[in-house]
Amino acid sequence: MHKLECSAMCAFGQNWNPSETVRLTARILAKQKTHPERTQSEKLLAVKEFESHLDKLDNEKRELIQNDIAALHHFYSKHLEYPDNAALVVLFAQVNCNGFTIEDEELSHLGSAIFPDVALMNHSCCPNVIVTYKGTLAEVRAVKEIEPGEEVFTSYIDLLYPTEDRNDRLRDSYFFNCDCRECVTKEKDKEKLEIRKLNDPPSAETVRDMIKYARNVIEEFRRAKHYKSPSELLEICELSLDKMGAVFEDSNVYMLHMMYQAMGVCLYVQDWEGALRYGQKIIRPYSKHYPSYSLNVASMWLKLGRLYMALENRAAGVKALKRAIAIMEVAHGKDHPYISEIKKELEDH
């Protein structure tokens, strides 16, 4: 499989920079050529049977696909046989709807992949399984009792956010609204959008405006990551936290989002104390807002544990790492290399 990329990488040198989606699609095309029959990972569902939602793509999404097709031709033209443009549009749309983001134990991005059989599972905001990765293998584990005949649900998105935001994301990426218990009852939304307890409570309009501001600043920060310096990014976080903090409680998910981004910047510039301060504020509300056995909560305990250890607070470090292990043994399985690594870290300290 790597031969496909190796010659292209050699030919382009420093200029070889196809996106992850383009690389993944090139590999799918190569695999389909060398392996026309079903692969091991297509026992239940073949890539060709993936849903593409072609009829629901707006002009912007179609244009992005055409850009990806152009990049595919540009970087792989000498090494791949292509189907026609229409078939490529379908394939890219299928990959966009059915791809998986692979992350490490601290939820840092590693890459993208497709696991056809795993893609059969529907989404719920109250999932009963978690998908984790071991090398190039996807593993699916129950995190709740599942009765015979009951549907197996995973989550396609980050579950931190309130119902409206989750469904905006699901509609944009997967073209459906969720009707799980969480979305119907919206019972966690009040806690997730907690407002400061003030003598003079903010009006409904003030709260609405602040939610709108929060969503905009999240989007602004996502774009700014590509071109602003760490100190400028930290400033965006701090200014937005100040502004939102006049209306929102620290446990409000929009506050938590910007604290998490600020923590990421602190980690990047190796400001361990700064990262720890943000992490300590995040962990309790995370444990409340996310479902049990959440990878987001496990990764936050893990980051905190490693920060405590680096700052020579062994007792707090051991406690945090053990919290991470307790979740990961359920989500990743007790024999996962990540867990052996963390246990070794405990022994070494």
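**Group meeting: a walk through the predicted model**

Let's start with one pair of residues: E103 has H109 in β2 as its bridge partner. Before I go on, some ground rules. What we're looking at is a predicted model, where local features need pLDDT of at least 70 and side-chain atom pairs count only at pLDDT 80 or more, while totals for chains, interfaces and linings use all residues. Residues are numbered from 1 along each chain as its sequence is written, and side-chain values use heavy atoms, with hydrogens and water left out.

Okay, back to that pair. It belongs to strands β1, residues 100-103, and β2, residues 109-113, which run antiparallel and are joined by 4 bridges. Helices and strands here are DSSP runs, numbered from the N terminus: H or I for at least four residues makes a helix, E for at least two makes a strand. Two strands count as paired if DSSP finds at least two bridges between them. β1 and β2 make a hairpin with 5 residues between them, and L107 in that turn has a positive phi of about 65°.

Now the second hairpin. β4 (129-134) and β5 (137-142) pair antiparallel over 6 bridges. T132, for instance, has E139 in β5 as its bridge partner. There are 2 residues between these strands, and G135 in the turn has a positive phi of about 65°. Is β4 mostly enclosed or open? It's largely enclosed by the rest of the structure, because 5 of its 6 residues are buried. Buried, by the way, means under 20% relative accessible area, exposed means over 50%, and partly exposed is in between, with a 1.4 Å probe and protein chains only.

What does the record say about this stretch? An unreviewed UniProt entry carries the annotation "domain: SET" for residues 43-157. UniProt positions are in the numbering used here, feature names are shortened, and annotations may be inferred rather than shown by experiment. That span is 28% helix and 22% strand, and its end C-alpha atoms lie 25 Å apart.

Both hairpins turn up again in the second largest pocket. That pocket holds about 1,200 Å³ of space. The search runs on a 1 Å grid over the protein atoms alone; a pocket is an open set of points where a 1.4 Å probe fits, with protein on both sides within 12 Å along at least five of seven lines, and lining residues have an atom within 4 Å of a point. Grid points are joined across faces, edges and corners, and the volume is the space filled by probe spheres set on the points. Of the 37 lining residues, the closest to the centre are L24, A113, I114, F115 and T136. α2 (20-34), β1, β2, β4 and β5 each supply at least two lining residues. Which element gives the largest share of the lining? That's α2, with 7 residues.

Just ahead of α2, P18 sits in the loop between α1 (2-12) and α2. P18 is buried, at 10% relative accessible area. Its C-alpha is 7.4 Å from that of L72, though the two are 54 residues apart along the chain.

On to charges. The count is 22 salt bridges, where a salt bridge is a side-chain nitrogen of Lys or Arg within 4 Å of a carboxyl oxygen of Asp or Glu. In one of them, R171 and D168 have their closest N and O atoms 2.5 Å apart. They're 3 residues apart in helix α5 (163-174), so about one helical turn separates them. R171 is partly exposed at 37%, and D168 is partly exposed at 34%. Then there's R306 with E345, at 2.7 Å between the closest N and O atoms. That pair links distant parts of the chain, 39 residues apart: R306 is in α12 (295-310) and E345 in α14 (337-348). Salt bridges with shared partners join E105, E106, R306 and E345 into one network.

Two loop residues to finish. K186 has a positive phi of about 55° although it's not a glycine; K186 lies between α6 (181-185) and α7 (189-192) and is partly exposed at 46%. Q270, also not a glycine, has a positive phi of about 60°. Q270 sits in the loop between α10 (253-268) and α11 (272-289), and it's exposed at 56%.
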